[in-house]
Amino acid sequence: MSILSLFVVIPALMLLGLWLARNLNQVRGVMVAGSSCLLLLSIWLTVTFIQMRAAGNNAEMLFTDSIPWFEPLNIEYAVGVDGISVVMLLLSSIIVFTGTFASWQLKPLTKEYFLWFTLLSTGVYGFFITIDMFTMFMFYEVALIPMYLLIGVWGSGHKEYSAMKLTLMLMGGSALLILGILGIYFGSGATTMNVLEIAQMHNIPVDMQKVFFPFVFIGFGVLGALFPFHTWSPDGHASAPTAVSMLHAGVLMKLGGYGCFRIAMFLLPDAAHELAWIFLILTTISVVYGALSACVQTDLKYINAYSSVSHCGLVLFALLMMTKTACTGAILQMLSHGLMTALFFALIGMIYGRTHTRDVRQLGGLMKIMPFLSVGYVVAGLANLGLPGFSGFVAEMTIFVGSFANNDVFHRTATIIACTSIVVTAVYILRVVGKILYGKVADPHYETLTDATWDERVAVCCLIFCVAGLGIAPLWASEVIDNALVPILDHINNVSAIAAI
């Protein structure tokens, strides 16, 4: 059995442990032990992966394993990772670990909450390690379904409406996705659903690719907040409990960009080249529209939710540029946005837990009352607007430089329009930071509030360390991602070039 299977086995053991737990301390113990093991495993995997590449192992996927599962449709439990998968697993484990501490004081039904939270994370881990399309789709669904209960039961505000809207829209995307996957399987005449083997065959007719590419790209793009299918995201973020918002924006939305690149563009390269301009227009709208919408919001969660629409739009925008530099920036953006938006949602949840409001107009002077949380919010804001030294700057600059490398009017115009989001982001971030943290205390009752507890400090410090660490030393991540992108982009561009001859 591949070492990668531990990313599914450990959460399964956590589910068993949570089910057997009889009190709150046991529940917390299971979550800390399990999430710590997953974090250590992902760190070990990342270090080992880098060492194997440095030693000259240039296999497209490492730690591969395959077990027949459902032979009539040639479905296998096939696993393997490249550099993109490795950094996504590392991101997921960081968010799950910090989300555990962010939920330390959650009540009621703490045990049931962590059961669904762990099931969601199981789907995320399984999705990133799988290279069989159907198994990947199965884990994708496992990651989506718990969101309904996590928001509907433990959420706030219009939680039932938000949970239903999120579930229906994402299930609609899943319906398109399964049609696209079946189209790829039968259209290629493959005897397997293994992504790598189907890509090597590259025999899907171009006309058929054009039919199924929108199904797969939109199916995954719904989760990646692709305009105009993004409307579930702000409501879902606003109503979700803190750790669910962290995992939702930090990891779950990354499944969309990952799937668009790994399946839609990789397996349908001719259609990707011919139809990219349509989706580039939509992603450019996502980038600018999300930033402008964040400017007019007064709820802290809605501000960050629309900011996520903009930043996740940048991921799809860069992938569709299909240059190595832009795609490297896209993966870095997935990693960076996952960390900084998790930090934002964690801090917003902690502030809301004390002030019982997320309305910017009712907050002020928090720096005097809760300096630790306020400094953390400033750091998250600076990372979000792309200040040098933080992860956001590295990712966004790589995206825009790589996108502008396309030497034609259409791509460069789209890049310039997308760049305006940087200015707009600075406007809403600085406005919110100035309003809620500085000036006089908005409500005399706030004077009695306390700063972060030890468990909250653990979550915030871990995320700040990661956001700053990636911004100061991004080279290791860039090199790991570059090595994974080369065979994928070579396949996308070479197959399309052959078809054009």
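These legends accompany five close-up views of a predicted model.

**View 1. The largest pocket and the residues around its centre.** Let's start with the largest pocket, whose volume comes to about 550 Å³. Its lining consists of 27 residues, and the closest to the pocket centre are Ala102, Leu106, Thr242, Gly349 and Gly353. Sorted by class, the lining residues of the largest pocket are 13 nonpolar, eight polar and six charged.

**View 2. The helices that line the largest pocket.** Four helices each bring at least two residues to the lining of the largest pocket: H5 (133–154), H10 (242–252), H14 (324–355) and H19 (454–472). Which helix gives the most to this lining? That is H14, with seven residues.

**View 3. The second largest pocket.** Here we turn to the second largest pocket, with a volume of about 390 Å³. A set of 16 residues lines the second largest pocket, and Leu90, Ile94, Phe465, Cys466 and Trp476 lie nearest its centre. Helices H2 (24–54), H3 (83–102), H14 and H19 are each the source of at least two lining residues in the second largest pocket. H19 provides the largest share of that lining, five residues. If you are thinking about the character of the walls, the lining of the second largest pocket has 13 nonpolar and three polar residues, with no charged residues. H14 and H19 are worth keeping in sight while moving between the pocket views: each supplies at least two residues to the lining of the largest pocket, and each also supplies at least two to that of the second largest pocket.

**View 4. The largest nonpolar core, with Phe261 in focus.** The largest nonpolar core takes in 186 residues, and those with the most contacts inside it are Met133, Phe213, Phe217, Leu255, Phe261, Met265 and Tyr377. Helix H14 gives the most to this core, with 18 residues. Zooming in on Phe261, and setting aside neighbours within four places in sequence, you will find it in contact with Ile84, Phe266, Leu319, Cys327, Leu485, Ile488, Leu489 and Ile492.

**View 5. Asn406 in a loop between two helices.** Asn406 sits in the loop between helix H17 (391–404) and helix H18 (409–437). Is Asn406 buried or exposed? Its relative accessible area is 15%, and because buried means under 20%, Asn406 counts as buried. Not counting residues up to four places away in sequence, Asn406 touches Met321, Thr323, His411 and Arg412.

Technical notes:
Residues are numbered from 1 along each chain as its sequence is written. This is a predicted model: local features need pLDDT of at least 70, side-chain atom pairs count only at pLDDT 80 or more; totals for chains, interfaces and linings use all residues. Side-chain values use heavy atoms; hydrogens and water are left out. On a 1 Å grid over the protein atoms alone, a cavity is a set of points where a 1.4 Å probe fits but cannot get out, and a pocket is an open set with protein on both sides within 12 Å along at least five of seven lines; lining residues have an atom within 4 Å of a point. Grid points are joined across faces, edges and corners, and a volume is the space filled by probe spheres set on the points. Ala, Val, Leu, Ile, Met, Phe, Trp, Tyr, Cys and Pro count as nonpolar, Asp, Glu, Lys and Arg as charged, and the others, Gly among them, as polar. A nonpolar core is a set of buried Ala, Val, Leu, Ile, Met, Phe, Trp, Tyr and Cys residues joined through side-chain atoms within 4.5 Å. Buried means under 20% relative accessible area, exposed over 50%, partly exposed in between (1.4 Å probe, protein chains only). Contact means heavy atoms within 4.5 Å.
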